[in-house]
Amino acid sequence: MKKITAITSLAALVLLVAAPVRAAEFLFPKQPQNGTVSVAASEAHKNLYTAGGNVFIEGKTSGDLFAAGGSLQIAGPVEQDLAAAGGSINISGNVGSNVRASGGSVNINGQVGGDILAAGGSIWLYSSNPVGGDVVAAGGNIVLERPVKGSAKIAGGSVTINSKIDGNVSIRASKSLVFGPNAQISGKIKYQGPAPATVSDGAQLSAIEFTKTPGFNGLANIRKALGAFALLKFIAMLLAGLLLAHFLKKRVETVIKHTRDNPWANLGIGALGAIAIPVTVLILLLTVVGYYAAIVVGAWFGLISLITALITGIFLGSLLLPYLTKNQYEPSDWRNVVLGLTILAIITWIPIIGWLAATILYLMTFGGMLRMAKELLMDSR
């Protein structure tokens, strides 16, 4: 058993090292309990990866910037691509190429040389500077009030467009679509929604191709089916979590300890591992000699991902249970398993914010798994 564990640990570490990444810098909170990352305007980084509870970046980033956290404030310029994920995202710095952002609220008013891909509960795109490429956005409330040199594809609840768009526009809105007085669109406009768009005086638009969104009578049945599936999935995860905590007690407690000791650093490690391992598997599949290795490592990664999802719930339970009972229990105690997996199941049903919170917790735990893998590898030598 020890040899098998060591082999899987070695595979994880080799993949992380062998993944084809450019020279990069990693920046995490200096004080894990604080969870804050701050980059002053006088600092400069290249291909920066950072994560924390609160991330403030005013310095210049050469190459790409990857940032994740509860709150992101990015005021410094980014030479190439920017990828951001967080509860609240505010991008005021100039970005040379593409912006990809996902969060509870997303605000992008800095200059963008390429495309914008944004998803969130609320999305605001305000600026007098044009977007150099296309805009693709999905969210609850979307406001586009900056020029776009390319096309725009938008899906949301309430959508407002009040700027010039040079290319074609495709919109799907479940509640409403409003064109403000500064809207200028000469390309094709396709709109799907429950009612015709509201066009303000002064808007200059081509003909709107409107398709009324039909009602769906089977929605109640779909909800019932999804509810039954969710219940069965929860029962299966609860049973698997109890078995995992009982038969692999020490391993579970080790992962939880690593995750609790340094959560924000683990978030960054987990995010990098979740990206690097699948990319490496894909590259191995494209080679002749690495085909079988890709199958083995891919299957291992799938299994570890499932186990990490279970330990994520147990980790959450170990954080919450002491506050509810005023008593301390071992991390693998059945009470932590039941409470944590229950709360995690509830969180995953909350759109955007819940999904983001569950993802952050998962990546923190996955980082703890990789730390344990490293320790097992060192012990096997």
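Two exercises with worked solutions follow, on a cavity and on one residue of this structure.

The model is predicted, so local features need pLDDT of at least 70 and side-chain atom pairs count only at pLDDT 80 or more, while totals for chains, interfaces and linings use all residues. Residues are numbered from 1 along each chain as its sequence is written, and side-chain values use heavy atoms, with hydrogens and water left out.

**Exercise 1.** Determine which residues line the largest cavity, and how they divide by character.

Step 1. A cavity is a set of points, on a 1 Å grid over the protein atoms alone, where a 1.4 Å probe fits but cannot get out, and its lining residues have an atom within 4 Å of a point.

Step 2. The lining of the largest cavity consists of F28, Y49, T50, A51, F66, G268, A271 and L272.

Step 3. These lining residues comprise six nonpolar, two polar and no charged, where Ala, Val, Leu, Ile, Met, Phe, Trp, Tyr, Cys and Pro count as nonpolar, Asp, Glu, Lys and Arg as charged, and the others, Gly among them, as polar.

**Exercise 2.** Decide whether N162 is buried or exposed, and find what surrounds it.

Step 1. N162 has a relative accessible area of 12% and is therefore buried, a word that means under 20% relative accessible area with a 1.4 Å probe and protein chains only.

Step 2. Leaving aside neighbours within four places in sequence, N162 is in contact (heavy atoms within 4.5 Å) with L144, E145, G180, P181, N182 and A183.

Step 3. A polar atom of the N162 side chain lies 2.7 Å from the backbone nitrogen of N182.

Key
1 Å grid on protein atoms, 1.4 Å probe; cavity = no way out; pocket = protein on both sides within 12 Å on 5 of 7 lines; lining within 4 Å. Buried < 20%, exposed > 50% of the residue type's maximum accessible area, 1.4 Å probe, protein only. Polar contact = N/O pair within 3.5 Å; in protein donor to acceptor, adjacent residues only side chain to side chain.
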